[in-house]
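Student: Please take me through some packing and ring geometry in this model.

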Amino acid sequence: MTGTATRAVAEPLLPFLRRARDHMDRHYQQPLDLDQLAAVAGVSKFHFARCFEATYGETPIRYLTRRRIERAQDLLRVANLTVTEVCMLVGFSSLGSFSSRFAQLVGESPTSYRDRWAARGGPHIPGCYLFMRGVLDPCGTAGHPPEPDRAI
């Protein structure tokens with residue numbers, strides 16, 4: 001026994017927790033904090049943190065960090081981007097914290113990970129192409145394309 005009691009989460013709360021988790025999956029690259037995530041779920045931040053951990057087995061911030069690292073792994077494998085660019089694109093504001101969390105979760109540094117995949121000779125998508133096509137917009141400057149005219 002670890003000393004932490006597990007509690008069942010009320011079933012009516014599960015869709016709200018799922019909404020917050022989906023919000024993290026869609027907006028991982030933005031700065032998100034516990035207050036914002038709890039607001040998405042519609043509960044207090046302390047209740048949200050307890051219920052999220054009881055339901056998904058990890059804290060909301062740990063889940064968000066893991067999702068960011070998973071996305072970083074994808075980018076490091078297939079895109080021709082620097083580690084710093086990847087760090088900023090997935091929502092980290094500090095290269096040092098990104099590198100240390102990456103190494104903790106993956107077992108190697110982001111640079112080693114990227115170099116190991118590059119050595120396999122797989123195709124890389126040029127970073128300039130990703131930026132030009134709007135796939136990646138690190139500063140959020142591209143805006144949204146105008147809505148098509150729906151007049152008949």
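Student: At what angle do helix 4 and helix 7 pack, and how does that angle classify?

Tutor: The axes of helix 4 (residues 60–78) and helix 7 (residues 110–119) lie 8 Å apart at an angle of about 45°. Axes are lines fitted to C-alpha atoms over the stretch in contact, with angles from 0 to 180 degrees between N-to-C directions, and helices are DSSP runs (H or I, at least four residues) numbered from the N terminus. Angles under 35 degrees count as roughly parallel, over 145 as roughly antiparallel, 65 to 115 as roughly perpendicular and the rest as oblique. Therefore helix 4 is, relative to helix 7, oblique.

Student: On what basis are these values computed?

Tutor: The model is predicted; local features need pLDDT of at least 70 and side-chain atom pairs pLDDT 80 or more, while totals for chains, interfaces and linings use all residues. Residues are numbered from 1 along each chain as its sequence is written, and side-chain values use heavy atoms, without hydrogens and water.

Student: What kind of aromatic pair do phenylalanine 52 and tyrosine 63 form?

Tutor: Phenylalanine 52 is buried (under 20% relative accessible area; exposed is over 50%, partly exposed in between; 1.4 Å probe, protein chains only) at 0%. Its ring and that of tyrosine 63 are 5.8 Å apart centre to centre, with 65° between the planes. Rings of Phe, Tyr and Trp (its six-membered ring) pair if their centres lie within 6.5 Å, and planes under 30 degrees apart count as stacked, over 60 as edge-to-face and the rest as tilted. The pair of phenylalanine 52 and tyrosine 63 is therefore edge-to-face.

Definitions and conventions
Helices (H or I, at least four residues) and strands (E, at least two) are DSSP runs, numbered from the N terminus.
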